[in-house]
Structure formats: structure tokens, C-alpha cells
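This report covers a chain-to-chain contact, the strands and helix behind it, and a set of salt bridges. The sequence and structure come first.

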There are 2 protein chains.
Amino acid sequence: MEALKQKIREEGIVLSDQVLKVDAFLNHQIDPRLMQQIGHEFARRFAGQGISKIVTIEASGIAPAVMAGLELGVPVIFARKYQSLTLKDDLLTSKVFSFTKQTESTIAISAKHLGAADHVLLIDDFLANGHAARALIDLIGQAGASIAGVGVVIEKSFQSGRVDLDARGYRVESLARIGSLAGGTVSFLE
Amino acid sequence: MEALKQKIREEGIVLSDQVLKVDAFLNHQIDPRLMQQIGHEFARRFAGQGISKIVTIEASGIAPAVMAGLELGVPVIFARKYQSLTLKDDLLTSKVFSFTKQTESTIAISAKHLGAADHVLLIDDFLANGHAARALIDLIGQAGASIAGVGVVIEKSFQSGRVDLDARGYRVESLARIGSLAGGTVSFLE
């Protein structure tokens, strides 16, 4: 998606060979017009798949997921970090290991909002080592729902998440695929 | 805003005289079409005010704020819970007391994205005792920015937040004002 790649080139900051900072437009400050374009692109790629619900994770997945939900005409559920929940009953939970923080946390979805009749598009801002995606897939599976695919805004293709999801047979659509951050430069795949 | 009130009547769950659960469409599952209508209504109410930026707080403020930002054509910043931040430099921070959880937490905004030239619309999903709004106002003030007003999706008018913001001279626009949750029933003001 060219508009996204251009934004990454212009406003992304390479902090290391592993870390790209995009807090100017995606995960702290948000560019709503770009999010609308991203939602439109996800909707285009997953059109006609019978998607009934989008699942994402707080907080940075929410903006692209809601824009995709608007285009596809389906509700969005964001998995919550367990400690932010006031009501603990009827919850499906899964563990997420954060590579950045080297800690494990629990995320949760209310079983009330997701069931066996649902066909889910999973959306997240980043795909790196795939820990968050695997936890969301686990939650969706616990609910008995099926998965149409995984929509990712920015994929760090040099980390293991993409290969892992491909190997498990999931359809992954990443709007920007980064092959390398070496030398402080963003190199896209394709 | 009638569509919102109707949604609250149909899908809101009164948990106690103080607590209204709206996780079916606002703060766990999100109705993107309703969020678009909410964004449209905030934009209508604050049109022509010279707003340059919207500030909200993760996670439930993001969807309505991004839709309002799309309509007004301005970026959205969401204040982050401090522990979720990987980069700690250049941050403005403030403390928020959570009445529900009876704990104090720290929220933060990068000083890079907000400055003295900004005229800010603050948006949040709920206004109850006003703790989150006061912390966001504090952050915006630290950045040297001015405040155009406060947009609230659901105001619990029987708690102290609205009165407090009125007394401080802020313009508050709440799309649904709840006068009482007594007897398990949602009673709207006006």
C-alpha cells in the first residue's frame, strides 16, 4: 500500500535493526485519513469472505480495525489487557509474551461477543514475532469461531511472525512488509 | 444524540446505581457505524473552532476520537498508560485516579506531538468523576496548548465530573447525559 509506505519513509524512525517507531501516525498520534485508507484496503482484500466480526487488541490495533469494520459493515472487538477489566466473568483469556518488554501478560475477550457462528478477520498494527497474533488466534479458537485471515498494517518480515502464521496455514495480508531496518534504513519487500 | 441513546437503551446493562456497562458497542465490542455517527456529531458541535488536534486516552476513547478526527481533518493523539511505553524520553506525564479500581496510574503524551500552537478537542468515552479528563487537561496544559472543549460520548451527570468541568469554564459536549441509573433503569437528562 503505497500511501502507507510513503508515510513510513517520511515519518517512521528506525531506532535499531529491530525497532521501527511509528508513533507519529499509528500508535500514539494517529492519522485518521490514513487509517481510513488502511481500512478500505483491508476491506478490499478480504471482501466476499463472509467475515462477521473483526478482532484486534488494545490499543494501537483499534483505529485500523474500526475503519476496516466500517467498510466491511461488521462489529469490532478489541481484546483487553486483563488488568484493565472490571468484570471478570464470562471471559476467554490467553497469555501474550512481549518481546519488547520481556514480560508475559494476559489478554481477554468476553465470550458473549464471539461465538461458533463467527468468521473472524484478525487485525493488528504490527506483526513481529507473532506473539499477539497467536494469543488472539487462541482466543478466537476458544470461542469456537473460524478465522478468515490476518490483516497487518506493518509486518517486520525479518522476524518470525509471518513465517509462523504462513506455516499454520493462515492467510496474512500485510499492507507494508519490511525486509530490513539495517543501517537505519527501512527496506520494503517487493 | 438519539441513535446513541437508543443503543444505550437497547444494549446497555445497568450493573448498579453507579455503573453502566456498554461493552456491546463502545468499550469492548465497537459498533463502527455508530462511532462514525458520533464522530460526525462531535465535528458538527465543534466546527469552526480552529481545532488542530484531538487528544484522548487509550483504549475506549480511540474509536470515537479517530472518527471525529476524520471529520474535522485533524490528527488524534491517545495518551498512553505509562507502563505500556517503550520509549520514556520527551514525555509529559500526569496521574489518574481510577474510582472503579481505586488505584492511581500514570498517563503520558509525547511532547513532540503537541505544542503551544495547538488548539485541542479532548474526547473520551465516559465522563464520571472527571479524573481522566482532568489528567488530560493537565497534559495539554503542560504542552502549552489551548483547549477548545471536551467531547464526551456518555456522561454520568449524577457524578461530579460535569459540574467540575463546568466550574472550570470548559465547554463540555456530551452526546448522552444520564441523570440516573437508579432501579436498574437508564434515565436521560432532557
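The text below goes from the interface to the secondary structure and then to individual side chains.

This is a predicted model, in which local features need pLDDT of at least 70 and side-chain atom pairs count only at pLDDT 80 or more, while totals for chains, interfaces and linings use all residues. Residues are numbered from 1 along each chain as its sequence is written, chains are lettered from A and ligands numbered from 1 in the order in which they are written, and side-chain values use heavy atoms, with hydrogens and water left out.

**Interface between chains A and B**

The size of an interface is often given as the accessible area lost when the parts come together. Here chain B and chain A bury about 3200 Å² between them, and 65% of that is on carbon and sulfur atoms. Buried area is the accessible area (1.4 Å probe) that two parts lose on being put together, summed over both. H28(B), Q29(B) and L70(B) supply 20% of the area that chain B buries against chain A, more than any other three residues. The contact (heavy atoms within 4.5 Å) takes 40 residues from chain A and 40 residues from chain B.

Twelve residue pairs, both members at pLDDT 80 or more, are in polar contact between chain B and chain A. A polar contact is a pair of N or O atoms within 3.5 Å; within protein, one must be able to donate a hydrogen and the other to accept it, and residues adjacent in sequence count only if both atoms are side-chain atoms. On the side of chain B that touches chain A, β3 (29–30), α2 (32–45), α3 (62–72), β5 (76–81) and β7 (103–110) of chain B each supply at least two residues. The largest share, six residues, comes from α3(B). Helices (H or I, at least four residues) and strands (E, at least two) are DSSP runs, numbered from the N terminus. By residue class, this side of chain B divides into 20 nonpolar, twelve polar and eight charged residues. Ala, Val, Leu, Ile, Met, Phe, Trp, Tyr, Cys and Pro count as nonpolar, Asp, Glu, Lys and Arg as charged, and the others, Gly among them, as polar.

**Strands and helix α3 of chain B**

Strand pairing also crosses the interface: strand β3 (residues 29–30) of chain A and β5(B) pair in the antiparallel sense over two bridges. Two strands pair if DSSP finds at least two bridges between them. The bridge partner of I30(A) in β5(B) is V76(B).

Within chain B, β5(B) and β7(B) pair in the antiparallel sense over two bridges, and K81(B) stands opposite I107(B) in β7(B). Strand β6 (residues 91–98) of chain B runs antiparallel to β7(B), joined by eight bridges; L92(B) stands opposite I109(B) in β7(B). β6(B) and β7(B) form a hairpin with four residues between them, and Q102(B) in the turn has a positive phi of about 55 degrees.

In α3(B), eight of the eleven residues are buried, meaning under 20% relative accessible area, with exposed over 50% and partly exposed in between (1.4 Å probe, protein chains only). Among the buried residues are I62(B), P64(B), V66(B) and M67(B). G73(B), which follows α3(B), has a positive phi near 70 degrees.

**Salt bridges**

A salt bridge is a side-chain nitrogen of Lys or Arg within 4 Å of a carboxyl oxygen of Asp or Glu. The count is 30 over all chains, and two between chain B and chain A. Four pairs are listed here.

| Pair | N to O distance |
|---|---|
| K112(A) and D23(B) | 3.7 Å |
| E173(A) and R171(A) | 3.1 Å |
| E11(B) and K7(B) | 3.2 Å |
| K7(B) and D31(B) | 3.0 Å |

E11(B) and K7(B) both lie in helix α1 (residues 2–11) of chain B, four residues apart, about one turn of the helix. E11(B) is partly exposed at 30% relative accessible area, whereas K7(B) is buried at 16%. The salt bridge of K7(B) with D31(B) links distant parts of the chain, since D31(B) is in the loop between β3 and α2 of chain B, 24 residues apart from K7(B). Both K7(B) and D31(B) are buried.

Salt bridges that share partners join E41(A), R44(A), R45(A), R171(A) and E173(A) into one network. In this network, E173(A) is buried at 17% relative accessible area and R171(A) is partly exposed at 30%.
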